[in-house]
Amino acid sequence: MLPILDSLRGNIDPILTGIVQGFSNEEFIAQKLFPAVSVSKQTGKYPTFTKEGLRIHDTTRALKDPTVKQMPRDVWTMSAYELKEHPLETMIDHLEIEAAVDIANLETYYSEMVMNSILLEAENECVTLAVTPANYGANTTALSGDDCWTNIASKPLTQIQDAISAIRNAMLQEPNILILGTDSFLAIKEHASLIDKMKYSQLGIVTEDLISAMISTKNNKIDVFVGKGMYQNTADVLVDLWGDVAILAYVSKGAAGRRSKYYSSFGYNFVMNGYPMAARRQTDYGLTTGVMAAHMYKPYIVSALCGYLYTNTKA
């Protein structure tokens with residue numbers, strides 16, 4: 001039994017746990033790049049895939065040959081993961097409870113408020129991984145000058161196609177996700193080349209769906225998502241989480257929709273079974289009630305070759 005579950009076993013609230021497990025913030029999109037994979041242990045190993053896994057092996061067996069050819073073990077490298085626990089609590093005063101028309105709604109509000117804060121921390125952790133050029137090897141470009149999307153001379157669709165080709169040439173998988181920071185989306189939305197192509201559609205404005213239609217093929221749809229999440233920094237200034245980046249990635253949907261750490265993908269977020277969870281507790285004298293939510297997770301880039309990062313899209 002994990003420490004927090006052991007100590008709070010009598011206080012875990014199934015109703016509040018159901019609330020925090022069902023809660024989501026539509027402005028958070030990191031799960032598109034780092035989908036959740038459930039695990040049963042706090043530490044373990046996962047395979048890091050490279051293009052060696054795409055080799056063609058001669059598996060032909062001669063008649064009466066009792067041997068079976070072995071797959072080389074350099075097809076993947078096993079890396080270690082370690083989940084981190086993220087509990088957060090807020091207090092409800094007994095006067096708030098007495099004044100509440102519906103106590104359940106009050107507890108729901110506080111539970112969701114705490115869970116939203118935990119999810120914001122998780123989003124930021126994923127963003128930090130996703131926007132760091134060093135995590136991509138050669139699959140990254142810092143735009144400058146005429147190449148920045150705010151410059152009319154730039155060619156954002158060509159650059160996106162170059163990234164698609166780079167991922168395909170590295171992993172024989174075309175990306176199926178395009179993440180745009182808010183600044184990047186605004187830059188491409190106002191770009192003359194896209195506006196010119198837009199006149200042949202009936203949408204009237206450049207949208208995520210229109211960008212998707214421009215870069216997708218019949219056999220490979222690339223879903224486009226705009227990162228709209230923000231946070232307040234230590235100077236009390238609101239900052240965009242995603243900024244001016246564009247990220248193309250192949251993210252596995254798994255066999256029959258079931259994701260597993262054994263499928264090659266840009267990234268995964270390993271999540272402990274049973275999390276997130278929630279609990280309540282009474283403080284001394286019953287003056288306040290504590291409502292806590294906890295999550296246990298850790299995101300990892302498991303195949304950098306499945307991604308491509310553009311930074312500085314805004315000049």
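# A tour of helices, a pocket and two backbone features

The crossing of α2 and α5 is right-handed. This is a predicted model, and the tour starts at that helix pair.

**Stop 1: the helix pair.** Select residues 14-22 for helix α2 and residues 103-130 for helix α5. The two pack with their axes 9 Å apart, at an angle of about 45°. Because of that angle, α2 counts as oblique to α5.

Next, show the side chains at the contact. From α2, pick Leu16, Ile19 and Val20. On the α5 side they meet Glu107, Thr108, Ser111, Glu112 and Met115. Sorted by class, this contact of α2 with α5 holds four nonpolar, two polar and two charged residues.

**Stop 2: the largest pocket.** Keep α5 selected, and turn to the largest pocket, which has a volume of about 460 Å³. To find its centre, select Phe23, Gln31, Leu119, Asn269 and His295, the closest to that point of the 22 residues in the lining. Colour α2, α3 (30-33), α5 and β11 (267-272) next: these are the elements that give two or more residues to the lining. Which element gives the largest share of the lining? That is α5, with five residues. By class, the lining of this pocket divides into 14 nonpolar, six polar and two charged residues.

**Stop 3: the loop after β11.** Follow the chain from β11 into the loop that leads to β12 (277-282), where Pro276 lies. Select Tyr275 together with Pro276: a cis peptide bond joins them, with omega about -5°.

**Stop 4: the loop between β2 and β3.** Finish by selecting Lys64, in the loop between β2 (43-49) and β3 (76-82). Lys64 is not a glycine, yet its phi is positive, about 70°.

As background to the last two stops, most peptide bonds are trans, and most residues other than glycine have a negative phi.

How values were computed: Residues are numbered from 1 along each chain as its sequence is written. This is a predicted model: local features need pLDDT of at least 70, side-chain atom pairs count only at pLDDT 80 or more; totals for chains, interfaces and linings use all residues. Side-chain values use heavy atoms; hydrogens and water are left out. Axes are lines fitted to C-alpha atoms, for helices over the stretch in contact, and angles run from 0 to 180 degrees between N-to-C directions. Helices (H or I, at least four residues) and strands (E, at least two) are DSSP runs, numbered from the N terminus. Angles under 35 degrees count as roughly parallel, over 145 as roughly antiparallel, 65 to 115 as roughly perpendicular and the rest as oblique. A crossing is left-handed if the near helix is turned anticlockwise from the far one by less than a right angle, and right-handed if clockwise. Contact means heavy atoms within 4.5 Å. Ala, Val, Leu, Ile, Met, Phe, Trp, Tyr, Cys and Pro count as nonpolar, Asp, Glu, Lys and Arg as charged, and the others, Gly among them, as polar. On a 1 Å grid over the protein atoms alone, a cavity is a set of points where a 1.4 Å probe fits but cannot get out, and a pocket is an open set with protein on both sides within 12 Å along at least five of seven lines; lining residues have an atom within 4 Å of a point. Grid points are joined across faces, edges and corners, and a volume is the space filled by probe spheres set on the points.
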